[in-house]
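Please open the model in your viewer and keep the sequence panel beside it. The stops below say what to select next and what is to be found there.

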Amino acid sequence: MEKILVLAWILVLSSAMAMAPCHGYYSDSKPYVPAPQKVIRLHFFLHGTLSGKVPSVVTVARPNVTTTSMPFDEVIVVDDPLTVSPDITGVIGNAQGLWVSTGRDVLTLMVYLDFGFTKGEFNGSSISSCTAVERREAGAQ
């Protein structure tokens with residue numbers, strides 16, 4: 001019986017000593033504070049050319065029906081220059097992507113564009129955008 005009691009005391013004392021080095025190992029929790037966001041406002045002009053020797057907007061697919069009044073199922077690719085002014089001079093990059101007409105009864109466009117900057121302060125940067133545009137007739141629900 002004494003051997004068991006001695007063994008029990010040894011276990012209790014050894015476990016108490018083993019906990020001592022761990023004191024102060026964990027620090028108090030601190031709330032997460034995110035870094036402040038940097039807001040950049042971009043202002044540029046997108047120039048789409050529908051005709052001429054080198055158009056930047058081209059229809060690559062359209063349905064083989066002529067009875068619809070809406071441009072349904074058209075796929076248009078774009079490679080438009082970006083400038084810092086309304087003039088076509090001073091190109092700072094390109095907007096490349098797709099315009100897809102997806103509405104059968106309502107004019108609806110899905111626009112997928114990548115804006116790539118090749119000159120200026122944001123040279124080498126890019127932005128991707130996906131937007132849905134819907135146009136309903138006046139008074140339509």
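Begin by selecting Thr83, which lies in strand β3 of what is, throughout, a predicted model. Is Thr83 buried or exposed? Its relative accessibility is 0%, and because the cut-off for a buried residue is under 20%, Thr83 counts as buried.

Keep Thr83 selected and display its side chain together with that of His47, since the two side chains are joined by a polar contact of 2.7 Å. Then show the backbone of Ser85, whose oxygen is reached by the side chain of Thr83 at 2.5 Å. If you now expand the selection to the contacts of Thr83, leaving out residues up to four places away in sequence, you will find Phe44, Phe45 and His47 along with Ile88, Thr89, Gly90, Val91 and Ile92.

Next, select the largest nonpolar core, which consists of 10 residues: Val57, Ile76, Val78, Leu82, Ile92, Ala95, Val111, Leu113, Phe115 and Phe117. Colouring this core by element shows that β3 (75–83), β4 (91–101) and β5 are the elements that give two or more residues to it. Which element supplies the largest share of this core? That element is β5, with 4 residues. As a general background to this stop, nonpolar side chains tend to be buried together in soluble globular proteins.

Two members of the core deserve a selection of their own. Ala95, once neighbours within four places in sequence are left aside, is in contact with Leu46, Val78, Asp79, Asp80, Leu82, Asp114 and Phe115, so that list includes Val78, Leu82 and Phe115, which are themselves part of the core.

The other member is Val111, which lies in strand β5 and counts as buried at 8% relative accessibility. With residues up to four places away not counted, Val111 touches Leu98 and Trp99, and also Ser129, Cys130 and Thr131. For a distance label, pick the C-alpha atoms of Val111 and Ser129, which are 7.7 Å apart in space although the two residues are 18 residues apart in sequence.

Stay on strand β5, which spans residues 107–117, and move to Thr108. Thr108 is buried, with a relative accessible area of 13%. Its contacts, again without residues up to four places away in sequence, are Val100, Ser101, Thr102 and Gly103, together with Val133 and Glu134.

Now turn to the surface and select Ile40, Leu42 and Ile127, which form a nonpolar patch with about 230 Å² of accessible area together. Within this patch, Leu42 lies in the loop between α1 (2–19) and β1 (45–46). With a relative accessible area of 33%, Leu42 is partly exposed, a class that falls between the cut-offs of 20% and 50%.

Finally, clear the selection and view the whole chain, which has 1 helix and 6 strands, arranged from the N terminus on as α-β-β-β-β-β-β. Of its 141 residues, 16% count as buried, and its accessible surface comes to about 11,800 Å², of which 60% belongs to carbon and sulfur atoms. If you draw a contact map and keep contacts with a separation of 6 or more, residues 24 or more positions apart account for 38% of them.

Key:
Residues are numbered from 1 along each chain as its sequence is written. This is a predicted model: local features need pLDDT of at least 70, side-chain atom pairs count only at pLDDT 80 or more; totals for chains, interfaces and linings use all residues. Side-chain values use heavy atoms; hydrogens and water are left out. Buried means under 20% relative accessible area, exposed over 50%, partly exposed in between (1.4 Å probe, protein chains only). Contact means heavy atoms within 4.5 Å. A nonpolar core is a set of buried Ala, Val, Leu, Ile, Met, Phe, Trp, Tyr and Cys residues joined through side-chain atoms within 4.5 Å. A polar contact is a pair of N or O atoms within 3.5 Å; within protein, one must be able to donate a hydrogen and the other to accept it, and residues adjacent in sequence count only if both atoms are side-chain atoms. Accessible areas come from the Shrake-Rupley method with a 1.4 Å probe; for residues, only the protein chains shown count as cover. Patches are made of residues with over 30% relative accessible area and no salt bridge: like charges are joined within 9 Å, nonpolar side chains (Val, Leu, Ile, Met, Phe, Trp, Tyr) within 5 Å. A salt bridge is a side-chain nitrogen of Lys or Arg within 4 Å of a carboxyl oxygen of Asp or Glu.
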